Structure formats: structure tokens, C-alpha cells
Amino acid sequence: MNIRKNFYIICFYILFLLVNTTTSFANDFTFKDRINKINSFCSNFKQIVIDASGVQIQKGIGKILVKTPGKFKWHLLFPHENEIISDGNIVWFYDPLIHHVSIFSIKDIMDHTPFIVFTHKHFSLLNDYKIIKNGDCFVLTPKVNINTIIKYCSICIDKYGVIRKIESMEKNMFKNIIYLYNYRKISLNNNNFKFKTFSDLSIDDQR
């Protein structure tokens, strides 16, 4: 998988975690309470990708729409326009430059990742992760028996349920950092989370 596509899937994991989270953490009620305050929001974002040697290899901007449970739209505007859209069951990866969309089942992409917690609020899955609180940031690290490409994921979310920063590192040591700004809690129509096909669209359905 190329770097761009791998990053988009990481971003998808993060978004999915942001819209699906129910847990039995004896010492992590703060994290659960803050995640439970997420209902729907839109936000601009800035993203940075850093390779294993510490060199910044990509910087981008875009917009995120999120609605629980399970719905989100990630629209990267620069440097390479792309969209990731989910209605809670299906996810579409759309590249407008080549008029191509890849279609996946959420289950096929989300297995063994922590990010499902945010989008569907399946807190029980976090039993597979260690969670450390550092101020308003929560670091999720997979236990040794979990099959995931993620080395860790850090989510900075304040007491009002507003997300400021999300950072993840893959096992290949590539780091993905997303800063959210102009964050607004608003009501969102479900039509925002459907992909609309058109006549000259190339489709790769992998469900």
C-alpha cells in the first residue's frame, strides 16, 4: 500500500473511532465521559505525516464531518484532494483526480483497531488497549496479542467533548498528526454521509 493510501486509512480509523463508542474501564471514566459527549460536529483540520526518520513528507488541509453512530466524511482539500465517507456500514474512498472510488465494508477495515471506539462507541473493544491520561490527551497502546498496524494513538479531547488533536504512529514508525480547528458542534443531515455516483466513475467494490 502506498504512503498516501495508508495515511488515508489511518485517518479513516481515527474518524471511525471518533464516532462509535460502551466500557468497563475501572480507571478511565474520564475518557469514556468525554467521548460520550461527541454527537455531531464539523471541523477544519491540518494534517502532517512524518516518516520513520523524522522527516515531514506530507502536509495537508481539509474538513471533517462526524455524526454518531458511525457516520463521517473526511475531505482532504490539499495537496491531493480525496474523500473518505462512511454511512456507518459502508466506506467509500474517492479520488476525484482519476474519478475512482473504492468501496469497503466497515467491518473489514475496522477489525483490530482502536478507532472504532470514537465512531460507534464500542468501548468494550478498548479492553485490548492500554490507556494513559496526560492532561486532556489519552494515549491508546495495543496489547501485545492484538493484530493492528497502529503502534499507538493519542487523542486530545477536552471536558466538553471537543477534539483538538489526534496523533497516531504505525508499526513502521510513520507518524500521522491531525490538528482540528474551527470546531463546531452542529446538527448534520444523514445525506452528508452518502457517496453519490456519476456516469464516468470508476468503481472498485471490495465488499
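Me: Which strand holds Ile 103?
Reply: This is a predicted model, in which local features need pLDDT of at least 70, side-chain atom pairs count only at pLDDT 80 or more, and totals for chains, interfaces and linings use all residues. Residues are numbered from 1 along each chain as its sequence is written, and side-chain values use heavy atoms, with hydrogens and water left out. Strands are DSSP runs of at least two residues, labelled E and numbered from the N terminus. The one that holds Ile 103, spanning residues 100-105, is strand E6.

Me: Is Ile 103 buried or exposed?
Reply: Buried means under 20% relative accessible area, exposed over 50%, and partly exposed in between, with a 1.4 Å probe and protein chains only. Because Ile 103 has 7% relative accessibility, this residue counts as buried.

Me: What distance separates the C-alpha atoms of Ile 103 and Ile 203?
Reply: Ile 103 is in contact (heavy atoms within 4.5 Å) with Ile 203, leaving aside neighbours within four places in sequence. Although Ile 103 and Ile 203 are 100 residues apart along the chain, their C-alpha atoms are separated by 7.6 Å.

Me: Which strand gives the most to the largest nonpolar core?
Reply: A nonpolar core is a set of buried Ala, Val, Leu, Ile, Met, Phe, Trp, Tyr and Cys residues joined through side-chain atoms within 4.5 Å. The largest has 27 residues, of which Phe 41, Trp 74, Ile 155, Ile 157 and Ile 163 touch the most other members. With four residues, the strand that gives the most to this core, spanning residues 150-157, is E9.
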